[in-house]
Amino acid sequence: MVVYADLIFLLNFVMDSTMLIVTAKTRKLPIVWWRLALSAAIGASYVVLMFVPALSLLFTFSVKCIFCAGMIMTAFGFGGLQNFLRNLGAFLMVNFAIAGGIFGLHYVLASSSDVLGGMLFTHAGGPVFQLQIGLVFILAAAAAVIWWLRTFLQSAKRREQFTTFLAEVCIQIGDFRATCQGLIDTGNQLYDPLTRTPVMVMEASQWGEALPETWLARIRSADVDQIISGIGSDDTFVWQDRLRLVPYRGVNRSTQFMLAIKPDKVVITHNDKQIEASKVLVGLDGGKLCSDGSYHAIIHPTLITAG
């Protein structure tokens with residue numbers, strides 16, 4: 001059997017370099033390219049040494065751990081035991097993710113004859129599996145897995161950043177309570193123009209049966225002025241004296257009106273801290289503020305800073 005050591009070295013050098021870069025991006029570590037290249041060369045050289053029978057001692061578990069630790073120290077330095085172990089753990093997880101992804105893609109795309117063709121049986125009757133993957137497939141699968149891993153990590157990072165702006169909101173009017181998740185929107189500058197009271201926005205559906213069904217339909221169709229004009233003829237709504245019309249500019253820059261309610265107080269729980277606000281209006285929105293339902297209210301930033 002002919003073994004092309006230069007191709008094996010080059011392939012492993014590219015793979016090790018890629019995994020070290022992904023590790024650095026994951027851990028937000030600065031990349032020193034000459035150190036990274038030297039670390040990848042150490043890993044690639046170790047694979048080439050596998051084809052030297054006299055060096056079989058190098059392929060014990062302890063020596064593999066030493067080479068792995070040496071690669072991490074070469075690429076990123078030591079920086080303390082805790083930092084070193086975190087870098088080592090991230091590197092191993094990236095290796096497992098990429099190797100597992102390549103292995104999984106291979107068997108997903110392989111036919112039954114390919115799988116059976118790589119199955120052998122020993123004299124004792126035990127099965128042995130041979131894995132034959134081409135160079136082009138390894139590179140293509142590795143690129144796909146790295147892209148997926150990068151997308152997943154970025155999505156997780158955005159989600160983590162997003163959750164820092166979420167808070168629990170509890171609206172209280174007498175014995176009534178309406179609780180939901182709210183988004184702290186620093187760009188929300190909606191105020192009642194007469195009293196300069198900050199206005200937070202909440203989905204009308206979160207109020208349940210507290211709002212008449214006819215009102216919900218008019219809120220969704222933006223006919224809230226008809227609700228105010230019909231107050232005198234409808235005495236069934238107990239919060240009539242709490243209703244307000246708040247003007248705001250819509251997407252088309254035209255002035256529209258939002259129906260708002262003056263609560264007794266709003267309790268906001270953010271970062272294990274409770275903030276109570278009584279000078280606030282709750283605007284009612286007829287649609288969904290977030291398509292995936294992550295939040296159902298938009299919190300005015302002054303309600304947070306006031307606490």
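Here are a few worked exercises on the predicted model shown above.

Some ground rules to start. Numbering runs from 1 along each chain as its sequence is written. As this is a predicted model, local features need pLDDT of at least 70 and side-chain atom pairs count only at pLDDT 80 or more, while totals for chains, interfaces and linings use all residues; side-chain values use heavy atoms, with hydrogens and water left out.

**Exercise 1. Get the overall picture of the chain: how many helices and strands are there, and what share of the residues is buried?**

Step 1: take the secondary structure. The protein chain has nine helices and eleven strands. These are DSSP runs numbered from the N terminus, with helices (H or I) of at least four residues and strands (E) of at least two.

Step 2: look at burial. Of the 307 residues, 36% are buried. Buried means under 20% relative accessible area, exposed means over 50%, and partly exposed is in between, using a 1.4 Å probe and protein chains only.

Step 3: check the surface. About 18300 Å² is exposed, and 62% of that comes from carbon and sulfur atoms. The areas come from the Shrake-Rupley method with a 1.4 Å probe; for residues, only the protein chains shown count as cover.

Step 4: see how far contacts reach. Contact means heavy atoms within 4.5 Å. Of the contacts between residues at least 6 apart in sequence, 62% join residues at least 24 apart.

**Exercise 2. Lay out the nine-strand sheet: what is the strand order, and which strands sit at the edges?**

Step 1: write the order. The open sheet reads β6-β7-β10-β5-β11-β4-β3-β8-β9, with mixed pairing. Two strands pair if DSSP finds at least two bridges between them.

Step 2: find the ends. β6 (243–249) and β9 (273–277) are the edge strands, each pairing on one side only.

Step 3: add the twist. From one strand to the next it averages 35°. The axes behind this are lines fitted to C-alpha atoms (for helices, over the stretch in contact), and angles run from 0 to 180 degrees between N-to-C directions.

Step 4: go through some pairs. β3 (residues 166–173) runs antiparallel to β4 over eight bridges, and A167 faces G182 in β4. β5 and β10 are parallel and share five bridges; V199 has L281 in β10 as its bridge partner. β7 (residues 255–261) and β10 are antiparallel, with two bridges, and A260 stands opposite G283 there.

Step 5: check the cover on β10 (residues 281–285). Four of its five residues are buried.

**Exercise 3. Track down the nonpolar cores: which residues have the most contacts inside the largest one?**

Step 1: set the rule. A nonpolar core is a set of buried Ala, Val, Leu, Ile, Met, Phe, Trp, Tyr and Cys residues joined through side-chain atoms within 4.5 Å.

Step 2: apply it. The largest core has 33 residues, and I171, M200 and W207 have the most contacts inside it. A second, separate core of 26 residues includes M19, V22, L29 and I146.

Step 3: zoom in on V22. It's in helix α1 (residues 5–27), and it counts as buried because its relative accessibility is 14%. Leaving aside neighbours within four places in sequence, V22 is in contact with V94, I146 and L149. V22 and R150 are 128 residues apart in sequence, yet their C-alpha atoms are 8.0 Å apart.

**Exercise 4. Place the annotated D185: where is it, and is it buried, exposed or partly exposed?**

Step 1: read the record. UniProt's unreviewed entry lists D185 under "active site". UniProt positions are given in the numbering used here, feature names are shortened, and annotations may be inferred rather than shown by experiment.

Step 2: locate it. D185 is in the loop between β4 (176–184) and β5 (199–203).

Step 3: classify it. D185 is partly exposed because its relative accessibility is 29%.

Step 4: list the partners. Beyond neighbours within four places in sequence, D185 is in contact with I298, I299 and P301.

**Exercise 5. Inspect two backbone oddities: what are the phi values of K28 and D272?**

Step 1: recall the background. Most residues other than glycine have a negative phi.

Step 2: read the values. K28 has a positive phi of about 55°, and D272 has one of about 60°.

Step 3: place both. K28 is in the loop between α1 and α2 (33–49), and D272 is in the loop between β8 (265–270) and β9.

Step 4: classify them. K28 is exposed because its relative accessibility is 60%; D272 is exposed too, at 81%.
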